[in-house]
Amino acid sequence: RETNTMPQWAGSCWYYLRYLDPQNETELCSKEAERQWMNVDLYVGGAEHAVLHLLYSRFWHKVLYDLGYVSTKEPFKKLRHQGVVLASTYIDSAGKYHEYSEIEFTETGAARLKATGEILKVEIEKMAKSKLNGVSPDEVVGKHGADVLRMYEVFMGEFELPKPWDPRAIEGCGRFLRRLYRLVDEFVEKGGVGNDVNANLRHKTIKKVTNDLEAMKFNTAVAAMMEFANELSSGGASKEDLTAVVKLVSPYAPHLGDELWEMLGNGGFVIDTSWPTWDEAMTQDSVVTVVIQVNGKLRGEFQAPCDADQEQLKTTALSLDKVKPFVDGKTIRKVIVVPGKLVNIVV
């Protein structure tokens, strides 16, 4: 009956409006609150929400707009669907599924049942209780910590694509966060002194992570931070480097971010500080690698200034010892130069 279904469907279709003014006992929400907060900037939901919720929300919102209760024709500015999480299933010869805890791996990487030693068939499927391939967040947090779980979830793959869960791959995110902790700890032990030799890479990383965060490309943002941390581990880190990377990593690992922020001598929480900015000029490379080909075959490469013109690149390529054996004594019919990328010599 309508009196039974209305509280479910109707109520769940406009909850985002009630959130704006939940204590209001005289109206849906005040016009002031609705004008200040609507539209919703981002709606994230699985593909099934497109019918089961999104369609009905838009319908109800348009009704409320026609009645004059809301000021926007559409409730949501942007819609993004997250990809489903996949996981390995382990199946024995009788077709029975086994949990990950029942499995061990051979030296060649094959999945073997601990109880019998049987080599199991492995398939990648959507997580489901019936397939015994679900993952308990509590267990992962208990073993690795909440920050590692959060980091791995966004690092698994592109936001909107299906992503396979790999219990072994999560260790990589744990190593990355431990590396960050060691970097800050060593910096503090040295008295907070370090040469600022990574300025260009730091500005590039800030730009990359910021743009990827806005585009919800979380996996490539994390990859950029990992690359930056690797460079800091080998080349040393400055206060500027560590301050920047702590701010960048905090949305993904907030607990560690605040811990490192305090270790660096700061007060309060990272979330209350300003987001790091970059200097566009510092993100530009001063030199590039130019590839040399002779008749289309790779014969070498060299470093050249970014602003080197075609004649400079041609002269440098022809003068290199590694190239001379392929051109000396032959007629050079054409030299094709792609500035900043390629010199192709046709003989």
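**Figure 1. Exposed Asp-41 and its salt-bridge partner.** Asp-41 is exposed, with a relative accessible area of 51%. Lys-77 is also exposed, at 57% relative accessibility. In this predicted model, the two side chains form a salt bridge. Their closest N and O atoms are 3.5 Å apart. The pair links distant parts of the chain, 36 residues apart. Asp-41 sits in the loop between helix H3 (31-37) and strand S1 (43-44). Lys-77 sits in the loop between helix H4 (49-66) and strand S2 (79-80). A search of the whole structure finds eleven salt bridges. Two further pairs appear in the next views.

**Figure 2. Glu-74 paired with Lys-62.** Glu-74 and Lys-62 form a salt bridge, with 3.3 Å between the closest N and O atoms. This pair, too, links distant parts of the chain. Glu-74 belongs to the loop between H4 and S2. Lys-62 belongs to helix H4. Twelve residues separate them. Glu-74 counts as partly exposed, because its relative accessibility of 26% falls between the 20% and 50% limits. Lys-62 is partly exposed as well, at 33%. The pair does not stand alone: Arg-58, Lys-62 and Glu-74 are linked in a network of salt bridges.

**Figure 3. A buried salt bridge between helices H10 and H8.** The side chains of Asp-241 and Arg-202 meet here in a salt bridge, 2.7 Å from N to O. Asp-241 lies in helix H10 (residues 239-249). Arg-202 lies in helix H8 (residues 199-214). The salt bridge therefore ties together parts that are 39 residues apart in sequence. Both Asp-241 and Arg-202 are buried. Side chains of opposite charge can pair when their charged atoms come close.

**Figure 4. Helix H7 against helix H11.** Two packed helices are described by the angle between their axes and the distance between the axes. The axes of helix H7 (residues 170-189) and helix H11 (residues 254-263) come within 10 Å. They cross at roughly 10°. That angle is under 35 degrees, so H7 and H11 count as roughly parallel to each other.

**Figure 5. Side chains where H7 meets H11.** From H7, the contact involves Leu-177, Leu-180, Tyr-181, Val-184, Asp-185 and Val-188. From H11, Leu-256, Leu-260 and Met-263 take part. Eight residues of this contact are nonpolar. None is polar, and one is charged. The charged residue is Asp-185 of H7, because Asp counts as charged.

How values were computed. Residues numbered from 1 in each chain as written. Predicted model: local features only at pLDDT ≥ 70, side-chain atom pairs only at ≥ 80, totals over all residues. Heavy atoms only, no water. Salt bridge = Lys/Arg side-chain N within 4 Å of Asp/Glu carboxyl O. Helix = DSSP H or I, 4+ residues; strand = E, 2+ residues; numbered from the N terminus. Buried < 20%, exposed > 50% of the residue type's maximum accessible area, 1.4 Å probe, protein only. Axes fitted to C-alpha atoms, helices over the stretch in contact; angles between N-to-C directions. Parallel < 35°, antiparallel > 145°, perpendicular 65-115°, else oblique. Contact = heavy atoms within 4.5 Å.
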